[in-house]
Amino acid sequence: MKSILITGGAGFIGSHVVRLFVNKYPEYKITNLDKLTYAGNLANLQDVENMSNYEFVKGDIVDGDFILKLFNERKFDAVIHLAAESHVDRSIANPTEFVLANVVGTVNLLNAAKHIWRENDDNLFYHISTDEVYGSLGEDGMFTEETRYDPHSPYSASKASSDHFVRAYHDTFGLPVVISNCSNNYGSYQFPEKLIPLFINNIKNNRPLPVYGKGENIRDWLWVEDHAAAIDVVFHKGKVGDTYNIGGFNEWKNIDLIRVICRVMDKKLDRTNGESEKLITFVKDRAGHDLRYAIDATKIKNELGWEPSLQFEEGIEKTIGWYLENTGWLESVTSGDYQKYYDDQYRRR
Ligand code: NAD
Ligand code: TYD
């Protein structure tokens, strides 16, 4: 039985990856290691928690001794590393936390893998990263695997640094690694601080929708379950030492996307057409706000045969429906001081 460590499995993307692997590969033993920060919730994994090939371990990847001990005990064959601090606005408020979780945490995992893995064993360290490492595009062009790194936010700088460490461990120590850099994900179980679930939650509660700047920034959106499927493909078929860009060829200007969300919400909540749009409030722009991200996902399509399965119009309807149906989940992750924290952020803008 292959033993696979998935880090950050209680988060948004990680929970979809855990669910996919536990169900699709009964022959794998999946260990989900997660610190359960504000963004990690075991409620994301209730449907798999009793599966016999699944185990949850609460722990912090920043604690190098703990990580080494865990690897010595469990002898993982492979790692799919998703644990990270992931929100750009929080990285602007507290960059050091991002260096610790994203850079030091990744290096601790690399050290532990290097310590227990031997040459010619069938191992893989799969590092999940973001397109934000490439910086910002102008009106034209797309990020390819050859685009130079040019991160601007503390978040993207920390992810870029972790990507470099992963490649350095491959080049210097021969560690078998693979990296993928994905565009913005949307779908179920995303913590309501990222644009789409935050705005769904705010519309539902008749709260303002804080649009940064003029809403003209562009993001390339991919349904999270398509990202999980791509991770499955890269894990099993990706070439060791390579990088794969993952994206949906689905660019949206923020304000246009927000208007779509408002229209779908009006329909689903039986509100008059245009009611939700009245909540749009233009606020001070994010510092260092990248203008445009767009992924060229040709390599993964041509070499590994992966393509997104879902059209955006269907995906966004499905996603909004999910948040409106899963009120228990939404209430549990927004309990405590959630509203106070985000009201505070809003006031500061
Ligand atoms: P998330 O914030 O929803 O989840 C992150 C998870 O990591 C949480 O469960 C959290 O508890 C855990 N974690 C954080 N610090 C930890 C630590 N020190 N030790 C152990 N666990 C810790 O993030 P996400 O959106 O699911 O992103 C997952 C990965 O995918 C990240 O590496 C992110 O950079 C990358 N990524 C995200 C997107 C996106 O659109 N969300 C796009 C491309 C790449
Ligand atoms: P976000 O979901 O934070 O993802 P990222 O910054 O990693 O791309 O933001 C997506 C876009 O939406 C980004 O251009 C910033 C913008 N945005 C707002 O306008 N208002 C908000 O309240 C948030 C959270 C984001």
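These are my notebook entries on three helix pairs and two ligands in a predicted model.

**Entry 1: helix 4 and helix 5**

I began with helix 4, residues 95–116, and helix 5, residues 154–173. Their axes are 9 Å apart, and the packing angle is about 15°. Angles under 35 degrees count as roughly parallel, so helix 4 is roughly parallel to helix 5. I noted the crossing of this pair as right-handed.

Next I looked up who touches whom. Helix 4 brings P95, F98, N102, V103, T106, V107, L110, N111 and K114 to the contact. From helix 5 come P154, Y155, S158, K159, S161, S162, F165, V166, Y169 and F173. Sorted by class, I have eleven nonpolar, six polar and two charged residues here.

**Entry 2: ligand 1**

Two helix 5 residues from that contact, Y155 and K159, turned up again when I moved on to ligand 1, where they are among the closest residues. The others listed as closest are I13, D34 and S86. In total, 28 residues surround ligand 1.

I then wrote down some polar contacts for ligand 1:

- S86 has a polar side-chain atom 2.6 Å from an oxygen atom of ligand 1.
- D60 places a polar side-chain atom 2.8 Å from a nitrogen atom of ligand 1.
- T37 uses its backbone: an N or O atom there is 3.0 Å from an oxygen atom of ligand 1.

**Entry 3: helix 1 and helix 7**

I13 caught my eye, as it is one of the residues closest to ligand 1 and also sits in the contact of helix 1 with helix 7. Helix 1 covers residues 12–24 and helix 7 covers residues 224–237. Their axes come within 9 Å and cross at roughly 60°, and helix 1 and helix 7 are therefore oblique to each other. This crossing is right-handed.

On the helix 1 side I listed F12, I13, H16, V17, L20, F21 and K24. They meet V224, E225, H227, A228, A229, I231, D232, F235 and H236 of helix 7. The class count for this contact is ten nonpolar, three polar and three charged residues.

**Entry 4: ligand 2**

Which residues are closest to ligand 2? I found E132, P210, R219, R286 and H289, out of 18 residues that surround ligand 2.

My polar contacts for ligand 2 are these:

- P210 has a backbone N or O atom 2.7 Å from a nitrogen atom of ligand 2.
- H289 has a polar side-chain atom 2.7 Å from an oxygen atom of ligand 2.
- H87 has a side-chain N or O atom 3.3 Å from an oxygen atom of ligand 2.

**Entry 5: helix 6 and helix 10**

Last, I checked helix 6, residues 195–204, against helix 10, residues 312–325. How do their axes cross? The angle is roughly 55°, and the axes come within 10 Å. That angle makes helix 6 oblique to helix 10. I noted this crossing as right-handed too.

The contact joins I196, P197, I200 and K204 of helix 6 with I316, I320, Y323 and L324 of helix 10. By class, seven of these residues are nonpolar, none is polar and one is charged.

How values were computed
Residues numbered from 1 in each chain as written. Chains lettered and ligands numbered in written order. Predicted model: local features only at pLDDT ≥ 70, side-chain atom pairs only at ≥ 80, totals over all residues. Heavy atoms only, no water. Axes fitted to C-alpha atoms, helices over the stretch in contact; angles between N-to-C directions. Helix = DSSP H or I, 4+ residues; strand = E, 2+ residues; numbered from the N terminus. Parallel < 35°, antiparallel > 145°, perpendicular 65-115°, else oblique. Left-handed = near helix turned anticlockwise from the far one by under 90°. Contact = heavy atoms within 4.5 Å. Nonpolar A, V, L, I, M, F, W, Y, C, P; charged D, E, K, R; others polar. Near = heavy atom within 4 Å. Polar contact = N/O pair within 3.5 Å; in protein donor to acceptor, adjacent residues only side chain to side chain.
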